[in-house]
Amino acid sequence: MSAVLVFFDAVDGSLSSGQQELLTLAASLGEAHVVTGAADPSEALAFDGVEVVWTGESEISAPDPALVDLLETAVRESGADVVLGTDSADSTDALARLAVRLEAGLITDAVGVDGDASSGATSLTVHKSVLAGGYTTSAQVTSGPAVITVRPNSVEAALSAGAAPEVTALPVSASSSGVEVLGRTELEASERPALTEARVVVAGGRGMDGNFGPLEELADELGAAIGASRAATDAGWIDHAAQVGQTGVTVSPQLYLSAGISGAVQQRAGMQTAQTIVAINKDEDAPVFEIADFGVVGDLFEVIPQMLEELRRRKT
Ligand SMILES: Cc1cc2nc3c(=O)[nH]c(=O)nc-3n(C[C@H](O)[C@H](O)[C@H](O)COP(=O)(O)OP(=O)(O)OC[C@H]3O[C@@H](n4cnc5c(N)ncnc54)[C@H](O)[C@@H]3O)c2cc1C
């Protein structure tokens, strides 16, 4: 079976859901090999189907350009014709540089990959969601190697726990020149799932009128991440990191609940690939209803408390 090399720019204790999805995808295409600059990733990668793990001789953290040396060496060692990564900025940055080195094609933000890596990268068809999620394009890889980043929530993760894999250190170390990391600021820890990887996102817009309290309660009840429209982030009601859309983040959850958001095309660009969209808006002509699977015409300050009541009743 041919190797499919999976790149993780960071491994923090346990794999994120996006990383688990990527491993599932790799195993469906061929033999999953992992390469990461993280120190000691073995425990986090203890899943059946993770055949080989490559690291550097020392920890190599993004955006160190030595990550590209590590990737290139791992491609050579594994003989992989297909390299997959998550859609994070650091991962895409390193993989784009790798693609230049290998003179390979790069496809970012894929929502699906089909094929059989044992027949080489040219057997692969890669799907992307484009034009604000209005169309899905399918591209046939015509020459290998292929380097592909995959959007979270595009694949159902299906991994079973296994023995911690053996880790092989390749002769690549962190570079002492090129990039100097002057400092790192940890993001405030949150109990909520990461917005780009969450299975459920509840998002609020100008209709929240400065009060995200009801939405926060709903997020707690559903184990959801909180998103927002640009009107809400520009108003300072919620951090800019929560903005979903063309100039914010792209999410593809199983459920996207939109409250008090009109559904402008720039907002749709970031959420239209959600599997199920529920919209609450008091204007029955709001454009969001054109893409909603379920719509509630009503005042969100009346609708959300009723949803909460029903959710809590069903839990007891
Ligand atoms: C270059 C560019 C990039 C952009 N990028 C983004 C982006 O990334 N993401 C983004 O979201 N926007 C983006 N925008 C802005 C976008 O065009 C819209 O202006 C924005 O999405 C509107 O936000 P909104 O739907 O919250 O506000 P509005 O359009 O004002 O809609 C508010 C909605 O709330 C409803 N409402 C009000 N009160 C209630 C209530 N009590 N109960 C129920 N419903 C209620 C109203 O009926 C209305 O439909 C961008 C614009 C440009 C030009």
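Proline 63 sits in the loop between S3 and H2, where helices (H or I, at least four residues) and strands (E, at least two) are DSSP runs numbered from the N terminus. The peptide bond that leads into proline 63 from alanine 62 is cis, with omega near 10°. A second cis peptide bond joins glycine 144 and proline 145, with omega about -10°. Proline 145 lies in the loop between S7 and strand S8 (146-150). Aspartate 109, a residue other than glycine, has a positive phi, near 60°. Aspartate 109 is placed in strand S5 (residues 105-114). As background, most residues other than glycine have a negative phi, and most peptide bonds are trans.

The model is predicted: local features need pLDDT of at least 70, side-chain atom pairs count only at pLDDT 80 or more, and totals for chains, interfaces and linings use all residues. Residues are numbered from 1 along each chain as its sequence is written.

The protein chain as a whole has 8 helices and 14 strands. Its C-alpha atoms fill a box of roughly 60 × 40 × 40 Å, taken along the principal axes. A compact globule of 316 residues would have a radius of gyration near 20 Å, and the protein chain has 21 Å, so the two agree. The radius is taken over C-alpha atoms, and the globule rule is 2.2 Å times the number of residues to the power 0.38.

The protein chain is divided into domain 1 (3-169) and domain 2 (200-315), with bounds that come from an automatic or database domain assignment. The C-alpha centres of domain 1 and domain 2 lie 32 Å apart. Between them, 8 residues of domain 1 are in contact with 8 residues of domain 2, contact being defined by C-beta atoms, placed from the backbone, that lie within 7 Å. The side of domain 1 that touches domain 2 has 3 nonpolar, 4 polar and 1 charged residues. In this classification Ala, Val, Leu, Ile, Met, Phe, Trp, Tyr, Cys and Pro count as nonpolar, Asp, Glu, Lys and Arg as charged, and the others, Gly among them, as polar.

Next come the two sheets. One is an open sheet of 9 strands with mixed pairing, in the order S7-S6-S5-S8-S4-S1-S2-S3-S9; two strands pair if DSSP finds at least two bridges between them. The edge strands, S7 (135-140) and S9 (167-169), each pair on one side only. Neighbouring strands of this sheet are turned by 40° against each other on average, direction ignored. For such angles, axes are lines fitted to C-alpha atoms, for helices over the stretch in contact, and angles run from 0 to 180 degrees between N-to-C directions.

At one edge of this sheet, S3 (residues 50-55) and S9 run parallel and are joined by 3 bridges. Threonine 55 has alanine 169 in S9 as its bridge partner. Helix H2 (residues 66-78) lies across S1 (3-8), S2 (31-36), S3 and S4 (82-86), and runs at about 160° to S1.

The other open sheet has 5 strands in the order S11-S10-S12-S13-S14, and its pairing is parallel. Its edge strands are S11 (225-228) and S14 (294-297), each of which pairs on one side only. Here the neighbouring strands are turned by 15° against each other on average, direction ignored.

Within this sheet, S12 (residues 255-259) and S13 pair in the parallel sense over 5 bridges. Leucine 255 stands opposite threonine 276 in S13, and serine 258 has alanine 279 of S13 as its bridge partner. Alanine 279 also has a bridge partner in S14, glycine 295. S13 and S14 pair in the parallel sense over 4 bridges. Helix H4 (residues 213-222) lies across S10 (200-204), S11 and S12, running at about 175° to S10.

The ligand is surrounded by 28 residues, and the closest are Gly205, Gly207, Ser229, Arg230 and Gly245. A residue is near the ligand if its C-beta atom, placed from the backbone, lies within 6 Å. Helix H5 (230-234), helix H6 (265-268), strand S13 (276-281) and helix H8 (300-315) each supply at least two residues of this shell. H5 gives the most, with 3 residues. By class, the shell has 9 nonpolar, 14 polar and 5 charged residues.

Terms used:
Contact = placed C-beta atoms within 7 Å.
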